[in-house]
Amino acid sequence: MASLKLNFLGDLEVVRDGQPLPLPPSKKTRALLAYLALNGRDFRREHLCELLWELPDDPKGSLRWSLSKLRRLVDDDARRIVADRSHVRFEPHGASIDVAELRHLADTALASSTIEALEAAAKRYRGNFLEGLDLPNFHDFHAWCAAERELAARAQAAVLSTLVDRLGPEPARALPHARALVTIDPYDEWARATLIRLLSAVGHADEAEQHFQLGMRLLNEIGAPPSAALIDARRASDGKSSLVTAPKATAAVAPLPRVDGLIGRDAEAADLCADFARVLARGQPQVTLLFGRPGIGKSTLLSALEEPAHAAGAIVLRASAVESETIRPFAVWIDALRRFDAKTATDVFRSESEDTRDRLFARLSKLLALQAEQRPVLILVDDLQWCDESSAAAMHYALRMNPQLPVFIALTARDDELRDNSAVQQALRGLRHDGLLKEVALGPLSNESVERLITAYAPNADARALTGACGGNPLIAIELARAITFGERGSSLDELVLERVSRCDAGTADLIRWAAVLSPRIDAAFLARVTELDVARIEHALDIAERQALMQLTEEGFRFSHTLIARYIYGDISPVRRRVMHRRVAELLERETALDLQTAADLAHHAQQSGEPDLAARAMICAGRLCLRFFANDDAQSLAHQGLAFAARLDDAARVRVTLELKDILMLAAPVPDWQSEASTLVELAEQALDHGAPSHARLGYHMASYLRWAHGDWARAREATLQAARATRAGADEDQVVGMAEAAKCLAMLERDLSVADAMLLEARSLASRKHVATAAIPAGLGMLRFHEGALDEAEALFDEARLLCKSAGDRLNEFQANEYLVMIDVERENYDAAKRRARALVELGAKLRDGSEAPFAEAVAAMCEYAVDDDPAALDDAIDALRTADAKHRLAYVLTRTALLDLARGRPSDAMARAGEALGYAEILERPTEQLLAHVVLAQASRASERKRHLDAIAVLDDQPVAVWARARAAALATPAPQRSRK
């Protein structure tokens, strides 16, 4: 017998000399062990880093840490983890690996194996391959895991099929294997027909009928017409006499007796209450983190705080992080405040689309401060390992900003997953650094405490005999006590849970599995939609689940009694069925017309698990756009990168379309590192889109390339891409034509090129849009730019207001910024600096929410320029202009410099004016911007000595035939009669 066993079927388990070993506290480390052990070859360290870690996680350091943990786990006299500076491999050295042995049996030894050997192999199959270690955000690993899971399930199905076939003469002995077979492959008609025959043979006619009905429904679920197999099996079972009448037990599992107080956690509860009392006494905040294995009693300990908190008159906020909602910004805080007071939640997060992250932080901090000044505040958060980044960062910010207030935060986390949440780890490091964090590891209960716990719930049970099976886990102890009291079989929690599911009829058991797929948010109405059953049937099934102690009715509806229960039920669903179920949920969510971030998070989660790359990529696009609307730019970027991994698995036509949409999200979420290469890639994708008959996507590609080139001063090639975008949609649908013409014309206006062509295109687009009822912000924005150029400022203002509202409604934040930017510029040209100053403040707030591009520094620079114009205060101006230089937005920098130079002239500071105008002229000449060139020469002509003046006047004359803005020409004309200058202050 091998001294080391690696069990990858079900929950990962490492057994040495018959004893399970404690596993490393990181899912990625466990995943790495499976990947190395089953592939059996050398891997480059870089490949393993890319496989399981993201750049912010310090991949090389994380890999070294993981390898050190694995060496301690699997190395003994034999060195199994073999690594050098560049490569890593696993040497088995006689280790037994369950999934490898199962596949070897299925591939080569089924016919020669005895029934006993096959039954032993079937028994060793503890569940799906690497249960709970999918890591869907790491696509290469996830794809490998899914393929391995499929192979393992196929091998087990082969073993079970062989057993059922050989045990045909012994239906009672064959029946458990037939049940297992339909669980692994629920859509196999032969397997279910065989089960129906066996059920009938042993006298379970009612259950046979239930499985017939369920089989028909499952075939409908995948759109497959039933063959004769199911119907023939049902006919064969009709009228058969029962050998043994054994109706399925549906009696409820009675509730356990009430036990007051904690058992075995007195010291921890006392310490926790003492922490809270210390916060009250000192008036200073503290965070206590309880971490340990699932079911160890973390949530129960949190509940022990509620009574002393209420006695102290404290406000209690409670929430749980949810695994599928890590992309929903501020999810924990929104949920906690909504439970406390919906109006308060609305006041703090009144419009997630209208506030910067910093303002939301500040408003949340202010709320806590106001409440804590009146009475203590207790915040309880379960499952921190799944907390979103915004909630974790907000917690640290709120405590750091309120160092003298009685705010106590108690958190729980699973130690095996906490390490893998880098955002939460960053927040915890900050709390540690500030001396605000206390960390408490909850270990197993003592044997004495376990015995007391079992005796409290089951006085007649042999508590000492049961204690060893609990591993010090109170949840398992309570459930084993329940099992003894009510005659259940099973020596572990997962066996007890699955036994209770098996006691339900087949239809109810299937609905409970659907609930596990949707957990933790289980809504009867949505269950009815997804299963196409009536709500009454759904509610009946949920009631049965409650009576079986699987679920409980809470203020928020039905929930599983513990996340472990949901996990075990979910883990018993076959991989192929899971994908179908997730796909069904994702398709329904995709049809929602009013998606919020919670729904988008659910959509992304279910689509990822569906195994459908097209559906998953579309979900990433949907969720990514929604995150952009709510200024969750980091989340949008992460979703887009995930979507690109799915897009790579699509056929060429779909890949091109999806890739362009995802690149649009990436460009809106963050600056492009290598804009020249990216622009070329976008043009190439646009041309491929034309080859595949997708003109609207071709337009998008050309438009993005044009924008990148415009933003970085490559205006000639930007114009070329703009015209290509317009041509791409000429033969397309009406909406594509409208948007294509409007965006192309707007780009020409931004470039100050072909302005008469741009005007004609916009008027044509507006006429077609009116006839076809198409709305696009590019039309009023483009016309606004042209009217601004012509000096028709009132008309331009109205057009930009229209564009701003259309962009806001569509969640198009970047173009919303641009419309606001022009509204500020209009007030500047009117020299109405008070109004410009007000608009600039709003521009600063909007810019702060956007990606880290030139928008925010430009907004700050314009606001500082307006301060200079109104108050003659240059304090913030030079720093703001320096920041704009760093952003390398030459067109925006030229604008700020020329307008500031004009102000310098008006204030009698000619040397400052010349310096700014000279710099602006250099940028304007690079960009071939005639308006900015003219304005720079105007300033330099006015500020220069007479000997230099003529050179600038000559340059102004040369620009006379260029497409210069009307108001710029007016400034040049005013050179003949310059305004009197103020004296220098």
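**Exercise 1. Arginine 103 and glutamate 148**

Locate arginine 103, classify its exposure and find which residues it touches.

*Solution.* Arginine 103 is found in helix α4 (residues 98-109), where helices (H or I, at least four residues) and strands (E, at least two) are DSSP runs, numbered from the N terminus. The model is predicted, so that local features need pLDDT of at least 70 and side-chain atom pairs count only at pLDDT 80 or more, while totals for chains, interfaces and linings use all residues. Residues are numbered from 1 along each chain as its sequence is written, and side-chain values use heavy atoms, with hydrogens and water left out.

The next step is exposure, for which buried means under 20% relative accessible area, exposed over 50%, and partly exposed in between (1.4 Å probe, protein chains only). Arginine 103 counts as partly exposed because its relative accessibility is 27%.

The last step is its surroundings, with contact taken as heavy atoms within 4.5 Å. Leaving aside neighbours within four places in sequence, arginine 103 is in contact with Glu148, Leu151 and Ala155. The C-alpha atoms of arginine 103 and alanine 158 are separated by 9.6 Å, although the two residues are 55 residues apart along the chain.

Now take the partner: is glutamate 148 buried or exposed?

*Solution.* Glutamate 148 has its place in helix α6 (residues 139-166). With a relative accessible area of 11%, glutamate 148 is therefore buried. Residues up to four places away in sequence not being counted, glutamate 148 touches Leu38, Arg103 and Phe129.

**Exercise 2. Helices α1 and α2, and the sheet beside α1**

Describe how α1 and α2 pack, and then place α1 against β4, β5 and β6.

*Solution.* Helix α1 (residues 27-39) and helix α2 (residues 45-52) pack with their axes 11 Å apart and at an angle of about 130 degrees. That angle makes α1 oblique to α2, since angles under 35 degrees count as roughly parallel, over 145 as roughly antiparallel, 65 to 115 as roughly perpendicular and the rest as oblique. Axes here are lines fitted to C-alpha atoms, for helices over the stretch in contact, and angles run from 0 to 180 degrees between N-to-C directions.

Residue by residue, Lys28, Ala31, Leu32, Tyr35 and Leu36 in α1 meet His47, Leu48, Leu51 and Leu52 in α2. As background, residues three or four places apart in an α-helix point the same way, because there are 3.6 residues a turn.

Turning to the strands, an open sheet of 3 strands has the order β4-β6-β5 with antiparallel pairing, and its edge strands are β4 (43-44) and β5 (81-83), each of which pairs on one side only. Two strands pair if DSSP finds at least two bridges between them; β5 and strand β6 (residues 87-90) pair in the antiparallel sense over 3 bridges, with isoleucine 81 standing opposite phenylalanine 90 in β6. Helix α1 lies across β4, β5 and β6 and runs at about 75 degrees to β6.

**Exercise 3. Helices α29 and α30**

For α29 and then for α30, find the span, the burial and the covering elements.

*Solution for α29.* The expected span of a helix is 1.5 Å times one less than its number of residues. Helix α29 has 13 residues and reaches 18 Å from its first C-alpha to its last, close to the 18 Å expected. Of its 13 residues, 11 are buried, including Leu597, Asp602, His606 and Gln609. The buried residues of α29 pack against α6, α24 (506-518), α27 (563-571), α28, α30 and α31. After α29 comes glycine 611, whose phi is positive, near 75 degrees.

*Solution for α30.* Helix α30 (residues 613-629) has 17 residues and reaches 24 Å between its first and last C-alpha, close to the 24 Å expected. This helix is mostly covered, with 12 of its 17 residues buried, among them Pro613, Met620, Ile621 and Cys627. The cover over its buried residues includes α28 (575-590), α29 (597-609), α31 (633-647), α32 (652-669) and α40 (813-829). Phenylalanine 631, which follows α30, has a positive phi near 60 degrees.

**Exercise 4. A hairpin**

How many bridges join β13 to β14, and which residue is the bridge partner of threonine 554?

*Solution.* Strand β13 (residues 551-554) and strand β14 (residues 557-560) run antiparallel and are joined by 4 bridges. The bridge partner of threonine 554 is glycine 557 in β14, and the two strands, β13 and β14, form a hairpin with 2 residues between them.
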